[in-house]
Amino acid sequence: MADYILAIDQGTTSSRAMIFDLKGQVVAIDQQEFKQSFPHEGWVEHDPEEIWQSVCHVVKGALAKASLQASDIRGLGITNQRETTVLWDQETGQSVYPAIVWQDRRTADHCKTLKAKSIGQEDADAVVKQKTGLLIDPYFSATKMNWILENAPQAKALLQKQQLRAGTIDSYLIWKLTNGQSHVTDATNACRTNLFNIHTQEWDEELCDFFQVPSDILPEVKDCAADFGVCDESYFGAALPIAGVAGDQHAALIGQACFKEGMSKCTYGTGCFLNINTGNKPIFSEHGLITTLGYRINGKVTYAMEGSAFIAGAVIQWLRDGLELLKSAKDSKAMAEQARDQQVFFVPAFTGLGAPYWDPNARGAIFGLTRDTGKNEIVSAALESVCFQTMDLLAAMQQDGAEFTALRVDGGMTNNDLAMQMMADIAQTKVLRPAMTETTALGAAYLTGLQLGIWSSLEEIAELWAQDRAFEVAKDKDWSQQRYQRWQAAVKACQVFSGA
Ligand code: ADP
């Protein structure tokens, strides 16, 4: 019996394959890192062929660990690093240039020029925001695609021969898995390109013109649970339907079963990503947040807002590896528990500030030091800084009109009970940690199961969400407001003391 689902989680630093049973429980995981290239300052590249090989390797690895054959697998789903862009030759499947990764800033000057232009009678920025929910920024795929078109030696010739294909990592992997039978993507990956109109749910010709990316090299856009093609049996030993696809943060929203308006999840890894389900209407932020799709299922779009902070778990890494204040990230809990109650505030603006400030020049600082401030107080302030940054994002979402209920959390840092309690107290909201924290891969598995009829509805999937622990608000509102005001003052000071 084919009683398992395979999820491929193609991330920024590693590829993972996870096998789930039909109750959504993990049976096996395999993971492989791959090379990061930094050929110039601000450039970040991956080798698409190496990504493809790593995916094949981990799928075989997970099957072996689970002692399963591919014929035991009902279908596969993909979740992936978003925005990262590949262009390839449709005859050979060879990429014409390395993948340009989401972190890559090489098109910053191009974006500046584009921002100063208009589309029709309106400012380009405003039109792009209205149509896509995004800013004009090197982060998104359009200017990366254009850069490859302009700079990869074979790109133009292939384009003229109508032999060039473009896409995000999901599209590239599906092309490979199906031996070139499918050139497709899902709506969540499409909505991160700057080319996809989130209202019409189509590639937008006006934007394709503006960014100089021909729409005929782009993939067909499908729902997140759909028929994306069939993985050729030569790869893993059986022909597997590819039935679920979503970008990583969208998959995590699904894996956390945030299916009702107002439900939100925050993923705490190196940085943190907060996404809130805003139902059937897009909310356009006045506070630096992005409007995005939550997911698209059965042709029905559920919108989301997204805010991210660059430094979350990374502040603990820095204290561990940079300052050597602690031996391992998990020591942060015991140390912070010993901390004296002090007014120490740590703003980890190491690479500027993300949403809602968008200040690339801000630099980090620790405020409120006294003679008796020690390691413990600094570690505690570092953990709190992650909570305050989440609070910044939640406050911005509320000011933009999104109502939120409890916060569901996942990612490495959520193992820290103290940090999660601080989160509840500072944000004055219940924080819910699920039993299953591999939410990204789980989201891809859920989509696959939905398409293949293993689960019949999102309601049925929501029933599978199980709580590990709820962190209730234990401090009063005045305490939280006072502390938050001091945090905001600290952020202001960091913006004044700019690195530029
Ligand atoms: P990523 O996927 O971005 O690599 P993970 O979800 O694996 O991130 O989370 C790793 C991050 O979480 C690291 O930055 C680490 O410092 C932090 N982290 C892990 N465990 C803890 C802990 N117990 N307390 C605080 N931070 C932690």
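Tutor: Before we start on this predicted model, take one term with you: a residue is called buried when its relative accessible area is under 20% and exposed when that area is over 50%.

Student: Is E286 buried or exposed?

Tutor: E286 sits in the loop between strand 18 (272-279) and strand 19. The relative accessible area of E286 is 65%, and the cut-off for the upper class is over 50%, so E286 is exposed.

Student: How far apart in space are E286 and M397, C-alpha to C-alpha?

Tutor: Along the sequence, E286 and M397 are 111 residues apart. In space, taken from C-alpha to C-alpha, the separation of E286 and M397 is 9.3 Å.

Student: Where on helix 3 do its buried residues lie?

Tutor: Helix 3 spans residues 124-132, and its buried residues are A124, V127, V128, K131 and T132. When one looks down the axis of helix 3, these buried residues fall within an arc of 100°, so the place they line is one face of the helix.

Student: What covers the buried residues of helix 3?

Tutor: The cover comes from several elements, and among the strands that take part are strand 8 (118-119), strand 9 (122-123), strand 12 (196-197) and strand 19 (290-297). The helices that contribute to this cover include helix 2 (108-115) and helix 8 (205-211).

Student: Which residue of strand 10 is the bridge partner of L87?

Tutor: Strand 10 covers residues 164-168, and 4 of its 5 residues are buried. Strand 6 (residues 85-89) runs antiparallel to strand 10 and is joined to it by 5 bridges. Within this pairing, the partner of L87 in strand 10 is A166.

Student: Which helix gives the largest share of the shell around the ligand?

Tutor: The ligand is surrounded by 14 residues, of which the closest are T270, G313, Q317, G412 and N416. The largest share of that shell amounts to 4 residues, and these come from residues 313-322, that is, from helix 11.

Student: How much of the accessible area that the ligand has on its own does the protein cover?

Tutor: Consider first the polar backbone atoms around the ligand: one of G412 is 2.8 Å from an oxygen atom of the ligand, and one of A314 is 3.5 Å from an oxygen atom of the ligand. A backbone N or O atom of A329, in turn, lies 3.5 Å from a nitrogen atom of the ligand. On its own the ligand has 580 Å² of accessible area, and the share of it that the protein covers is 68%.

Note on methods: Residues are numbered from 1 along each chain as its sequence is written. This is a predicted model: local features need pLDDT of at least 70, side-chain atom pairs count only at pLDDT 80 or more; totals for chains, interfaces and linings use all residues. Side-chain values use heavy atoms; hydrogens and water are left out. Buried means under 20% relative accessible area, exposed over 50%, partly exposed in between (1.4 Å probe, protein chains only). Helices (H or I, at least four residues) and strands (E, at least two) are DSSP runs, numbered from the N terminus. The arc is that of the directions from the helix axis to the C-beta atoms. Contact means heavy atoms within 4.5 Å. Two strands pair if DSSP finds at least two bridges between them. A residue is near a molecule or strand if one of its heavy atoms lies within 4 Å of it. A polar contact is a pair of N or O atoms within 3.5 Å; within protein, one must be able to donate a hydrogen and the other to accept it, and residues adjacent in sequence count only if both atoms are side-chain atoms. Accessible areas come from the Shrake-Rupley method with a 1.4 Å probe; for residues, only the protein chains shown count as cover.
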